[in-house]
Amino acid sequence: MAASTKQESKAITLKGSAELVTEFFGYGINNILYQRGVYPSDSFKREQFYDLTLFVCDNKELQDYLSKVLQQIKDWLEENTLQRIVMVISEVDTDEVKERWQFDIQKETTGKTEDNKGETSKPPPPKSKKDIQREMRDVIRQITASVTFLPLLDGQCAFDLLAYTSRDQDIPECWEESQARIIANSQEVRLRSFSTTVHKVDTMVSYKGDD
Amino acid sequence: MKGNAVFFTRKRDGCRRILHTYDNNFSSNYDPQIHARLQEAEARLKTCHEHIETLELELNQKAEHASKERMKSDKLEVEINELRDKATKQNSKQNWKKLRAENAKLQEQLEVYEINKEQMHIRGYYDPTKTKIVLEEGGCSPEDVSLLSKLSPEAAPSVVKQVEDFKAQLSSAEMKNQRLKEVFKKKIQEFREACYALTGFKIDVIRDNQYRLQSMYAERSADDLLFESSTKGEMMLLATDFSSQLADQIETYLSRYNSIPAFLSSITLELFNRQTQTIVIKLIHMNSTELDEHQLAQILEKNQRTRNVRKIESLTAEQKNEDDDEITFEEAAIFLRGAGIIKSKDIRYLPEDEREKLSREGTNQPITEEEQKNRIKEMTTKDASKHPDLLQVI
Amino acid sequence: MANEVEIEVNLNESGVSQSMNSRLLRGCIEYLLYQRQQLPIPYHELVRIVEDQEKLCDGLEAGLIERPLASRRSLNTEYKKAKKVYEDVECLFDHINKLFLSTIVKSAMVLLGSTPVSPKERYFVKFPVAKEVNTADSSARVCNSACRKLIRSLISNQELGSFKDISPTSMLVFIQANRSSDVEWFRPKPTFKPPHRGQSCKITVSTTSCSEQLAVSDPPDHSMDEWLWFQAPVIIRGTKTGQESVSSL
């Protein structure tokens, strides 16, 4: 975080942006796990962030897994090769996908990138870290409020994190290719977006309708 | 028509020429015959003229008609062209309309496609030529979040130990429980046996607050008494087949004196007495010829409840057995004599028919006390004075 | 008036019932409390926390559970605030339920801001017309399904999402019912006029059965006098939980 804090008054760097976006994913995923009851609610601790009370799971195994995946996500964000992150929630017994939380990542054309000389591209309108985090907070709020309309997940559920990368992206050994795990006859809701001026992230959810 | 006109004109000219020749040739020498021919020719010529004129008129008429027709056709042609123009215009307009409709439809489809594209996008579809989906192999599943593994690793050993402790405690408690059960069972059995020995009644609990009593001296295993304790703790006698035979005792001890112990005692005494007699009767009824003294002793041992047999010192074990081994009357008598219980002169041999009757009654139906007494008196002793015990019974 | 966001929600339910409308209003209030930054956690979480705490306190009082005094003290201020919101909202919901069961409510208005004259935000909810008060109650499933549809429409509305941030303030609730109806608890406000300031959102709820009749039954101006605004005598005050206290909440 230190790197981006220094940059706060100036335009955000690719690295700083990757860091913020990764952090958002961390809170977002933990929040979904809590709100959707994938992990028992007593395994969560409350944390104050983005002016919100957020829930972070203190299950060690989960946090080890998340930090591993998030580190990889951050690397890909810095390489600008990550197109999308999908959190798939499926029922353990039937393996049926119940919800798909999709985060689309776009490179902002106006964004200043470190490897780009940047002479031709205009500097992005300045956006403070606080502004960016406020946008992120609004998305998190929407995710949280979505519980009100999403159907109840009554069976024991598990989750997976899918990363959509460029076709020619080299992937580390411990990663493997996966299906998209799309829900048949789903209902979809597009939530809000946020932008760091380097990355733009759109959030949406598709879920198995209950009627 | 024109051809005709020319033809006639030529013919006319030809005729004229011929006439001239004739004129030239024959003017000088006028010949009436020729003149006639001339006139005839002239008439013919006139006819020809007339014909030509008609034909010319006709021709003109036809020409006029033709030009009219041509005009008409020109007009029609114009009209046709006009119509054709119109038609093509209309056609293109229709086409245009059709195209426009098609265009709108396509536009709509495009919109639907756009919406679908958006929907497909949200649903997670992607372009596999540009994108691939990857996930971390290990994954993470909340299934592992069972109660035990949810505890931190530091806490886990102590929990495991605790679980083991509890298990050990549980098994020792179970063992203790088992031992206690065994002890209780043994003690209860002892107690029951003691009760049986002391009171002469075997008491079973059938269900909550219902007790079944069976006398040591019962004649049949089915002869039992049922008691039920009320909520106040009062014991009530319930009807059984056996109790229905005890009207007297019930009347005397229960109804009048309200004493169950006295009632039971009277039954004990009654059955005890009856059994003593029964044994004797049984001995007398026996009809098998194969029995030695040893076998008889066994039977008597089994039936040692009779006072008579108690005198045989070797037969004291406490046993109850309903089995009726068979011995002959003679042998029984011999045994009894040998044992010094009954002297031969005390035994009166019944006539065959009477014996059969007794045998039938003895096995099939209960004999009333009075009858029994009479019969035994009859068949046993004449000189009772030497056997006061036996006589007492009889 | 600043440009108003209009949201139309068709519930696709055949029947309209007062219990459903009541559920929708409550759903709306819960949504606004969290989504418009009046609470740092969704209302249902707040309920859970308060109820858990109550149980814990009962346990403490009964001497069943021991807990260090220090952590109890740190709970106090934040917990009290949360509990106040919980009590106020529960009280309001309770009366909303009673109100909808006793009379026809045409519409409701939720204001965010310190005064009803110049609120920062204004939410006008127009309910589908129930023919009678005693329309058979909809099942809980139908009510929940309707509420889900409404919240979904609110959440996915981009314009509503672009409302400016707002700091914790007061929430005032008004309902519009017939002048002659027997309204308890809510106070009649004959002079109240919906304010024209601030960000505004109009939510029109309709159902398949009433969408046609809506236009017809919309009361003409002269009958507007029949309808009177009533204000809930409870004001819900938003809270922004302090940094350190929440973690112990």
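Okay, let's start with one residue: A:Glu176 stands opposite B:Leu135, which sits in β1(B). Keep in mind that this is a predicted model.

So what joins β6(A) to strand β1 of chain B? It's 3 bridges, and the two strands run antiparallel. On the chain B side, that strand covers residues 131-136.

Now zoom out to the whole A–B contact. Chain A puts in 38 residues, and chain B puts in 24 residues. Where do the chain A ones come from? There's one helix to mention, α3 (60-79), and then a run of strands: β3 (82-91), β4 (97-107), β5 (157-166), β6 (175-177), β7 (186-195) and β8 (199-208). Each of those supplies at least two residues of the side of chain A that touches chain B. The largest share is from β5(A), with 8 residues. And if you like your interfaces sorted by chemistry, that side of chain A splits into 20 nonpolar, 9 polar and 9 charged residues.

Okay, on to the other contact, chain C with chain A. Here we've got 20 residues of chain C against 18 residues of chain A. Which elements of chain C are involved? Helices α1 (18-35), α4 (140-155) and α7 (243-248) of chain C each give at least two residues to the side that touches chain A. α4(C) gives the most, with 5 residues. By class, the chain C side has 9 nonpolar, 8 polar and 3 charged residues.

One thing for the discussion: I've been counting residues, but the size of an interface is often given as the accessible area lost when the parts come together.

Methods:
Residues numbered from 1 in each chain as written. Chains lettered and ligands numbered in written order. Predicted model: local features only at pLDDT ≥ 70, side-chain atom pairs only at ≥ 80, totals over all residues. Contact = placed C-beta atoms within 7 Å. Helix = DSSP H or I, 4+ residues; strand = E, 2+ residues; numbered from the N terminus. Nonpolar A, V, L, I, M, F, W, Y, C, P; charged D, E, K, R; others polar. Pairing = 2+ DSSP bridges.
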